[in-house]
Protein chains: 2
Amino acid sequence: MRLSEHVTSRQSQIVLGLDPDPSRVDGGAMGARDFCLRVIEQAAPSCVAAKPQLACFERFGPAGWAAFEDVARAASDAGLLVIADAKRGDVDATARHYAAAFLRPPIDALTINPMLGTDAVEPFLDAARATGTGLFVLVRTSNPGAAELEDLPLADGRLWHEAVAERVHAWGAALPPCDSGLSSVGAVVGATVPERIARLRALMPDQPFLLPGVGAQGGDPARLGPAFGGRIAGALVSASRSVIYADDPAAAARDLRDVVWGAWEAVAG
Amino acid sequence: MRLSEHVTSRQSQIVLGLDPDPSRVDGGAMGARDFCLRVIEQAAPSCVAAKPQLACFERFGPAGWAAFEDVARAASDAGLLVIADAKRGDVDATARHYAAAFLRPPIDALTINPMLGTDAVEPFLDAARATGTGLFVLVRTSNPGAAELEDLPLADGRLWHEAVAERVHAWGAALPPCDSGLSSVGAVVGATVPERIARLRALMPDQPFLLPGVGAQGGDPARLGPAFGGRIAGALVSASRSVIYADDPAAAARDLRDVVWGAWEAVAG
């Protein structure tokens, strides 16, 4: 995954979250597919990656999976990196199957859940190494209740998600970097908790951060400067509902791109 | 989910893990499907439930998803409860889609990941309530590295997974019980850590435990008596590789059923 190269050439750190909700998008699996293809066409010029949400496709069964594959291919054809947002995590024998399911063209990266620990993540690391793909590991999520278990204070003074962050840094060190010194193993960090970002950046100096939670979830993209860690692709800002359901998705993506790019330029100096 | 009724009528606490591995099962999605249908036919008489592993089907894309649906239907037709082993977990808007994908006939229950906390679990609870299905929440997994993050000691003296266990108990209290006082919200607890089971049973008195890790992963089914909590369906023992790849899956399932039933009878007195 040539992440910095993509961000530089596309002049954008925006990830287009493709979460077609059947309460807003008619037509079942094919309706979701057509909706996503249209949004990709409209918003791609202001984005560096697309992030299809597997849940929105799985609910349609086999037809949904076929739609997911069409959407991933269309995003890739539009010049976007493709991040499969599946948040998989299971014991090693099972993780190998998930890695085989997702870490292959046209998919460039996969979101995974770290709860089961290193041996359950290793099959994803092995597959990422073999295929030149990347991972984004959940570290501190963007939902209001994330604090409940992720922020529990440990006996040694860390918060639980800081222990996760240290593992993510170690996992990343085991893989060749993607480019410009950025690790192939990134971190999902909610844009809703800007007060935690500097600390997480210190724990994960080389991880690209995938930041959901702007727009509908309330995160302020203008406050994300510290997330970059001084690297142009250090922070990728994901937006879904606020772009895909906008009256003008092209304009919504462009506006968000400009705010985030401005936050980058302010810290790049 | 009438869990105790099923265990009583089938005289078994065994969950047939259906994890067809393409390195051992030829023929792609249809090969995996046919293999599972054959194993169900052979082993079902000694089992109370089947647990198809989504990863093994997803790796075949749309055809794999169709195979999963055939396998789930066949297990249900054979009189087994169907536990979709998908370990999903995501923010609430996304969790709603996963709940719609899985908490519907012929599926009786779904495994989920608790890391994101209560608000991310609520859509699954709502769907389980509406459809009369159940959940099994990861609490302490069976893999060798599970201790790394799940067993981290908290500042208040608990282990992290014990905090998860307390949440699972609370989540279960919000749903009508399945039967015999057992909660519709169960817990995944590795059979590989018998030394933790009594403590987890105390924290989750009403949860059915789904215990993976016997057989290939080394857990001893004869040591699981304390897991039952005095209820016939308090402990469901899952086995996959040690049954499905046995020379005689029917005999392997029957032997495991007898050992676990013996462990139950020993504690039932």
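Me: What percentage of the interface residues of chain B are also interface residues in chain A?
Reply: In this predicted model, the contact takes 46 residues from chain B and 47 residues from chain A. The copies meet through the same surface, because the interface residues of chain B recur as interface residues in chain A. The share is 100%.

Me: By what turn can chain B be laid on chain A?
Reply: The superposition gives an RMSD of 0.0 Å, with a shift of 0.0 Å along the axis. The relation is therefore that of a two-fold axis. The turn is 180 degrees.

Me: Which element gives the most residues to the side of chain B that touches chain A?
Reply: The elements that give two or more residues there are H3 (54-58), H4 (61-77), H5 (92-102), H6 (118-131), H7 (147-150) and H8 (160-173) of chain B. By class, this side has 24 nonpolar, 12 polar and 10 charged residues. The top contribution is 6 residues, and it comes from H5(B).

Me: In what order do the 8 strands of chain A close into a barrel?
Reply: The pairing in this barrel is parallel. Neighbouring strands are turned by 30 degrees against each other on average, direction ignored. The order in chain A is E1-E2-E3-E4-E5-E6-E7-E8.

Me: Over how many bridges do E1(A) and E2(A) pair?
Reply: E1(A) also pairs with strand E8 (residues 235-239) of chain A, in the parallel sense over 3 bridges, and there Val15(A) stands opposite Ser238(A). On the E2(A) side, Leu16(A) stands opposite Ala50(A). E1(A) and E2(A) pair in the parallel sense too, and the number of bridges is 4.

Me: How many of the 5 residues of E1(A) are buried?
Reply: On one side of E1(A), Ile14(A), Leu16(A) and Leu18(A) are buried, and on the other Val15(A) and Gly17(A) are buried, so that both faces are covered. E1(A) is therefore largely enclosed by the rest of the structure. The count of buried residues is 5 of the 5.

Me: Which residue in E4(A) does Arg88(A) stand opposite?
Reply: E3(A) and strand E4 (residues 109-112) of chain A pair in the parallel sense over 3 bridges. Within E4(A), the residue opposite Arg88(A) is Ile112(A).

Me: What angle does the direction of H4(A) make with that of E2(A)?
Reply: Helix H4 (residues 61-77) of chain A packs on the sheet, where it touches E1 (14-18), E2 (49-52) and E3 of chain A. Its direction relative to that of E2(A) is given by an angle of about 175 degrees.

Me: Within what arc do the buried residues of H1(A) fall, seen down its axis?
Reply: In helix H1 (residues 3-10) of chain A, the buried residues are Leu3(A), His6(A) and Val7(A). An α-helix has 3.6 residues a turn, so residues three or four places apart point the same way. What covers the buried residues of H1(A) includes strand E3 (81-88) of chain A. They line one face of the helix, because they fall within an arc of 95 degrees.

Me: Which residue in E8(B) does Leu211(B) stand opposite?
Reply: In chain B, too, 8 strands close into a barrel with parallel pairing, in the order E1-E2-E3-E4-E5-E6-E7-E8. Strand E7 (residues 209-211) and strand E8 (residues 235-239) of chain B pair in the parallel sense over 3 bridges. Opposite Leu211(B) in E8(B) stands Val237(B).

Notes
Residues numbered from 1 in each chain as written. Chains lettered and ligands numbered in written order. Predicted model: local features only at pLDDT ≥ 70, side-chain atom pairs only at ≥ 80, totals over all residues. Contact = placed C-beta atoms within 7 Å. Nonpolar A, V, L, I, M, F, W, Y, C, P; charged D, E, K, R; others polar. Pairing = 2+ DSSP bridges. Buried ≥ 20, exposed ≤ 12 C-beta atoms within 10 Å, placed from the backbone. Arc of directions from axis to C-beta. Least-squares fit on C-alpha atoms with pLDDT ≥ 70 in both. Axes fitted to C-alpha atoms, helices over the stretch in contact; angles between N-to-C directions.
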